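Subject: Structure for you to look at

Dear colleague,

I am passing on the structure we spoke about, together with some notes for someone who has not seen it before. Please open it beside this message and follow along as you read.

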Amino acid sequence: MTTEADYLNQYDVSRFPSPLVTVDSVLFTLHQQALCVLLVERAMQPQKGRWGLPGGFIDIENDDSTRATALRKLTEKTGVSPSWLEQMDTFSGPDRDPRGWSLTVTWFALIAWVDCAPHIASVSNARWVPVDELKNYSLAFDHEKIITAALHRLRQKTMYSLLPVYCLPETFTHGQLLEATEVILGQSIQRKSLIRRFEASGMFEDTGESVATGTRKARLWRRKPNVDFHFFSRNLLTD
């Protein structure tokens with residue numbers, strides 16, 4: 001009787017063709033009242049010179065998960081880990097990559113502009129692009145489709161949570177959160193509805209400090225450590 005150990009010792013990994021497997025991440029931030037996505041210019045073929053998402057092949061010697069791959073690739077480009085990172089979807093097929101049948105595990109992430117701007121400015125082949133300007137770029141592979149899916153996910157979650165806070169600096173005002181939410185959704189929302197959710201979430205604490213905003217001062221808030229992310233049952237736009 002063949003044991004599992006015997007079977008594995010004799011197993012030929014080349015018996016079945018394997019697809020190309022990569023990880024790609026859609027990293028969003030907010031800058032100058034615009035929602036931006038990080039793009040990287042491809043330095044090698046295929047599709048050399050086109051702009052695409054930060055990502056690449058899994059390092060099977062060092063990456064213990066696709067999340068680890070996503071973090072490694074994002075850290076290489078931004079210098080820091082994103083404030084928010086979640087697995088989104090898998091895109092696959094025989095035609096999405098000219099090298100052959102491929103699949104990519106996609107992640108979407110959020111980061112504050114101030115946390116990574118200096119590092120990205122020093123990376124010659126990376127740039128922030130406002131999502132409204134993506135139409136001016138010829139994107140690599142199926143990355144336009146991936147970005148569209150990530151944008152939909154971001155906007156849907158924004159309507160049922162306070163996710164935009166992960167695009168803000170460590171300390172922020174109610175006004176900054178309101179602006180971030182409106183930029184992501186692309187429309188105005190009721191300030192009182194957002195503040196009501198902010199208070200009900202239990203996710204934030206007053207820093208005891210304030211900042212001048214015009215002729216008034218606004219309190220500065222921050223996320224509480226080790227507090228669960230809060231979802232609301234009602235859509236923000238109908239609340």
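The notes below go through the salt bridges, then one helix and the hairpin, and then some points of the backbone.

Please keep in mind throughout that this is a predicted model.

Salt bridges

How many salt bridges are there? The count comes to nine, and I describe three of these pairs below, starting with one that lies within a helix. Glu76 forms a salt bridge with Lys73, and the closest N and O atoms of this pair are 3.9 Å apart. Because Glu76 and Lys73 are three residues apart in helix α2 (residues 66-78), about one helical turn separates them. Glu76 is partly exposed, its relative accessible area being 42%. The pair also belongs to a wider arrangement, in which Asp63, Arg72, Lys73 and Glu76 are linked in a network of salt bridges.

A second pair is made by Glu86 and Arg153, whose closest N and O atoms are 2.5 Å apart. This salt bridge links distant parts of the chain, since Glu86 is in strand β5 (residues 84-93) and Arg153 is in helix α4 (residues 143-159), 67 residues apart. Are the two partners buried or partly exposed? Glu86 counts as buried, because its relative accessibility is 12% and the cut-off for buried is under 20%, whereas Arg153 is partly exposed, with a relative accessible area of 25%.

In a third pair, Asp142 forms a salt bridge with Arg96, and here the closest N and O atoms are 2.8 Å apart. Asp142 lies in the loop between β7 (126-130) and α4, while Arg96 lies in the loop between β5 and β6 (102-110), so the salt bridge ties together parts that are 46 residues apart in sequence. Asp142 is buried, with a relative accessible area of 15%, and Arg96 also counts as buried, at 11% relative accessibility.

Helix α6 and the hairpin

In helix α6 (residues 191-201), the buried residues include Ser193, Leu194, Ile195, Arg197, Phe198 and Ser201. What covers the buried residues of α6? The cover includes α4, α5 (174-185), β8 (204-213) and β9 (216-223). After α6 comes Gly202, which has a positive phi, near 70°.

Strands β8 and β9 run antiparallel and are joined by seven bridges; among the paired residues, Ala212 has Lys217 in β9 as its bridge partner. The two strands, β8 and β9, form a hairpin with two residues between them, and Gly214 in the turn has a positive phi of about 70°.

Points of the backbone

Most residues other than glycine have a negative phi, and most peptide bonds are trans. With that in mind, please look at Gln45 and Pro46, which are joined by a cis peptide bond with omega of about 0°; Pro46 is placed in the loop between β2 (34-41) and β3 (51-52).

Gln32 is not a glycine, yet it has a positive phi of about 50°. Gln32 lies in the loop between β1 (20-31) and β2 and is exposed, with a relative accessible area of 69%. Phe141, which is not a glycine either, has a positive phi of about 50° and is found in the loop between β7 and α4. Phe141 counts as buried, at 18% relative accessibility.

With best wishes

Technical notes: Residues are numbered from 1 along each chain as its sequence is written. This is a predicted model: local features need pLDDT of at least 70, side-chain atom pairs count only at pLDDT 80 or more; totals for chains, interfaces and linings use all residues. Side-chain values use heavy atoms; hydrogens and water are left out. A salt bridge is a side-chain nitrogen of Lys or Arg within 4 Å of a carboxyl oxygen of Asp or Glu. Helices (H or I, at least four residues) and strands (E, at least two) are DSSP runs, numbered from the N terminus. Buried means under 20% relative accessible area, exposed over 50%, partly exposed in between (1.4 Å probe, protein chains only). Contact means heavy atoms within 4.5 Å. Two strands pair if DSSP finds at least two bridges between them.
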